[in-house]
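Student: I should like to examine this model step by step, beginning with the overall fold and then turning to individual contacts.

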Amino acid sequence: MTTTINRFSVRRLWTVAKRDAALDWKTNLAHFLEFAGALLAGLVIIMLPAKTDGNSFNVIADTFYSWFSLVLTVGGLIAASSMLKPISDKTGSISLLTLPATSAEKFVERALMVTVGYTISALAALVVVGVLYYPLAFIFGIDSYGSLTAYCTQSFFAPTFDNINTQVSVESQIVVMAWQWRGQLLAWGSLLWMQSLFVLGGTVWRKFAFVKTLGITLVLGIVFSIVLPATTEEFYSTYPVFLVTTGSLCLAFAVVNWAVAYRLFVGKQIVETKKHLL
């Protein structure tokens, strides 16, 4: 009697994930230390002038949040472009191909590793650096304390416009009133679309996937800057519609990119393994 694996199984997915984490724990630890080191270096640089300028915690935290967002975004795109890392050599190709799991389970596991796994690692690094802020503040003689972790997570998941003076212009008031959930849709849609581009690039190119995808993304950015309408009165009158439409399109493109990445992933399992065996 022949048994075939053709149904998605969460148990097999968990088994593959545990195997992947166990094999790559040294690499994952190194990436965690790199991320935490980058955050810590930025925090120290931010706190040095604060020692003499007497900046409040909110000023320090706001600057650090900008640094955290930059490191988080760049690191996330690098992680997303490493989708095909397991089949970059002969041993990894054969090992992944012979795993007792479906292609969908292998793909979802890799997707979880470069998205959810990366996010957990980044948040853990943020917590560590947030704790280190207290002894650093004492060393630098900064009498201003607070939770960097809470400030960054709240700013990232629930941003506000408290720093915008709505009395400056009518356009500013329109932006603030129209943003709300529409702006969140555009922000998250753009982020997920960008991430999906690098996931797709990671499945198309085996080497220098991040650099190649970044080049294409920059070209797309230049094209969009030319195509998008100028900020005229007509633009501000349709600003809410623009936010919803653009955000929805970004989400749709993200879904398409992930679907194409899966198809390429399924085919490259066999193709890359054959290349290594020949």
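Student: How many helices and how many strands does the secondary structure of the chain come to?

Tutor: The model is a predicted one. From the N terminus on, its elements run α-α-α-α-α-α-α-α-α-α. The secondary structure of the chain thus comes to 10 helices and 0 strands.

Student: What percentage of the residues of the chain count as buried?

Tutor: A residue is counted as buried when its relative accessible area is under 20%. The accessible surface of the chain comes to about 16,300 Å², and 69% of that belongs to carbon and sulfur atoms. Of the 278 residues, the share that count as buried is 35%.

Student: Among contacts between residues at least 6 apart in sequence, what percentage join residues at least 24 apart?

Tutor: Contact here means heavy atoms within 4.5 Å. Among the contacts in the chain that link residues at least 6 apart in sequence, those joining residues at least 24 apart make up 81%.

Student: Which word describes the orientation of α5 to α6?

Tutor: Two packed helices are described by the angle between their axes and the distance between the axes. The axes of α5 (residues 103-140) and α6 (residues 148-157) come within 8 Å and cross at roughly 140°. Angles over 145 degrees would count as roughly antiparallel, and those of 65 to 115 as roughly perpendicular. The crossing angle therefore makes α5 to α6 oblique.

Student: How do the residues of the contact of α5 with α6 divide into nonpolar, polar and charged?

Tutor: Helix α5 contributes L123, L126, V127, G130 and Y133, while α6 contributes L148, T149, C152 and T153. For this division Gly counts as polar, and Tyr and Cys count as nonpolar. The residues of the contact divide into 6 nonpolar, 3 polar and no charged.

Student: Is V71 buried or exposed?

Tutor: V71 lies in helix α3 (residues 57-80). Leaving aside residues up to four places away in sequence, V71 touches F35, A38, L39 and Y118. Its relative accessible area is 13%, so V71 is buried.

Student: How far apart in space are V71 and G42, C-alpha to C-alpha?

Tutor: In sequence, V71 and G42 are 29 residues apart. In space, C-alpha to C-alpha, they are separated by 9.7 Å.

Student: The backbone nitrogen of which residue lies 3.3 Å from a polar atom of the side chain of S9?

Tutor: S9 has its place in the segment before α1 (10-23). With a relative accessible area of 17%, S9 is buried. The backbone nitrogen that lies 3.3 Å from a polar atom of the S9 side chain belongs to R12.

Notes:
Residues numbered from 1 in each chain as written. Predicted model: local features only at pLDDT ≥ 70, side-chain atom pairs only at ≥ 80, totals over all residues. Heavy atoms only, no water. Axes fitted to C-alpha atoms, helices over the stretch in contact; angles between N-to-C directions. Helix = DSSP H or I, 4+ residues; strand = E, 2+ residues; numbered from the N terminus. Parallel < 35°, antiparallel > 145°, perpendicular 65-115°, else oblique. Buried < 20%, exposed > 50% of the residue type's maximum accessible area, 1.4 Å probe, protein only. Areas by Shrake-Rupley, 256 points an atom, 1.4 Å probe, with all protein chains shown as cover. Polar contact = N/O pair within 3.5 Å; in protein donor to acceptor, adjacent residues only side chain to side chain.
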